[in-house]
Amino acid sequence: MTDQVGFAGQLYPEHMPEVTQKGFKSLINNRPDFEGGNDQPTSAQLEEAARNAGIDYVFQPVVAGQISQLDVEAFARHYNELPKPILMFCRTGSRSSNLYQLAKQMDLLDD
């Protein structure tokens, strides 16, 4: 975690007020829809809640253990364009953190 990016496990629509209270301006969802079954909120539900809370939202699903070069490059574009700070999330936060670390190692981030 830095002053520009944070990582979290699965978020739910009811978490959006807390996300804004913590100062995040953007969300990147790295968890594919229904990966956790029907109890997992869909990207559409999360996007609606985020936008209603005034948060920019990007859905960039990444399959656990299968992060590709294209995934890293797409993430870097989002990171460089979105208002900061950004909160990234997936099931546990690990996948999101890995994307960030890989993009940083490849020197793709405008920090």
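This briefing walks through the fold of one protein chain and then stops at a few of its residues. The structure is a predicted model. The chain has four helices and four strands, and these follow one another along the sequence in the pattern β-α-β-α-β-α-β-α. According to an unreviewed UniProt entry, residues 2–104 are annotated as "domain: Beta-lactamase hydrolase-like protein phosphatase-like".

**Overall shape and packing**

- For 111 residues, a compact globule would have a radius of gyration near 13 Å, and the chain agrees with this because its own value is 13 Å.
- Along the principal axes, the C-alpha trace spans about 35 × 30 × 20 Å.
- Of the 111 residues, 44% count as buried.
- Among contacts in the chain with a separation of 6 or more, 78% are between residues 24 or more positions apart.

**Surface and charge**

- The accessible surface comes to about 5,900 Å².
- Carbon and sulfur atoms hold 47% of that surface.
- The chain has 9 positive and 15 negative charges, and the mean positions of the two groups are 3 Å apart.

**The annotated region**

- Over residues 2–104, the chain is 39% helix and 16% strand.
- The C-alpha atoms at the two ends of this region are 12 Å apart.

**Leu-11, in a loop between E1 and H1**

- Leu-11 sits in the loop that joins strand E1 (5–8) to helix H1 (16–21).
- Leu-11 counts as buried because its relative accessibility is 8%, and buried means under 20%.
- Setting aside neighbours within four places in sequence, Leu-11 is in contact with Met-16, Val-19, Leu-27, Pro-41, Leu-46, Leu-87 and Phe-89.
- Leu-11 and Glu-48 are 37 residues apart in sequence, and their C-alpha atoms are 13 Å apart in space.

**Gly-93, in a loop between E4 and H4**

- Gly-93 is in the loop between strand E4 (86–89) and helix H4 (94–105).
- With 7% relative accessibility, Gly-93 also counts as buried.
- Apart from its neighbours within four places in sequence, Gly-93 is in contact with Phe-7, Ala-8 and Gly-9.
- One of these partners, Gly-9, is 84 residues away in sequence, yet the C-alpha atoms of Gly-93 and Gly-9 are 4.6 Å apart in space.

**Backbone details to look for**

- The peptide bond from Lys-84 to Pro-85 is cis, with omega near 5 degrees.
- Pro-85 belongs to the loop between helix H3 (69–81) and strand E4.
- Phe-34 is not a glycine, yet it has a positive phi of about 65 degrees.
- You can find Phe-34 in the loop between strand E2 (26–29) and helix H2 (43–52).
- Phe-34 is partly exposed, with a relative accessible area of 49%.
- Asp-107 is likewise not a glycine and has a positive phi, of about 60 degrees.
- Asp-107 comes in the segment after H4.
- Asp-107 counts as exposed because its relative accessibility is 66%, and exposed means over 50%.

**A short recap**

- Two buried loop residues to revisit in the model are Leu-11, between E1 and H1, and Gly-93, between E4 and H4.
- For the backbone, look again at the cis bond from Lys-84 to Pro-85, and at the positive phi angles of Phe-34 and Asp-107.

Definitions and conventions:
Residues are numbered from 1 along each chain as its sequence is written. This is a predicted model: local features need pLDDT of at least 70, side-chain atom pairs count only at pLDDT 80 or more; totals for chains, interfaces and linings use all residues. Side-chain values use heavy atoms; hydrogens and water are left out. The radius of gyration is taken over C-alpha atoms; the globule rule is 2.2 Å times the number of residues to the power 0.38. Buried means under 20% relative accessible area, exposed over 50%, partly exposed in between (1.4 Å probe, protein chains only). Contact means heavy atoms within 4.5 Å. Accessible areas come from the Shrake-Rupley method with a 1.4 Å probe; for residues, only the protein chains shown count as cover. Lys and Arg count as positive and Asp and Glu as negative; His and the chain ends are not counted. The place of a charge is taken as NZ of Lys, CZ of Arg, CG of Asp or CD of Glu. UniProt positions are given in the numbering used here, feature names are shortened, and annotations may be inferred rather than shown by experiment.
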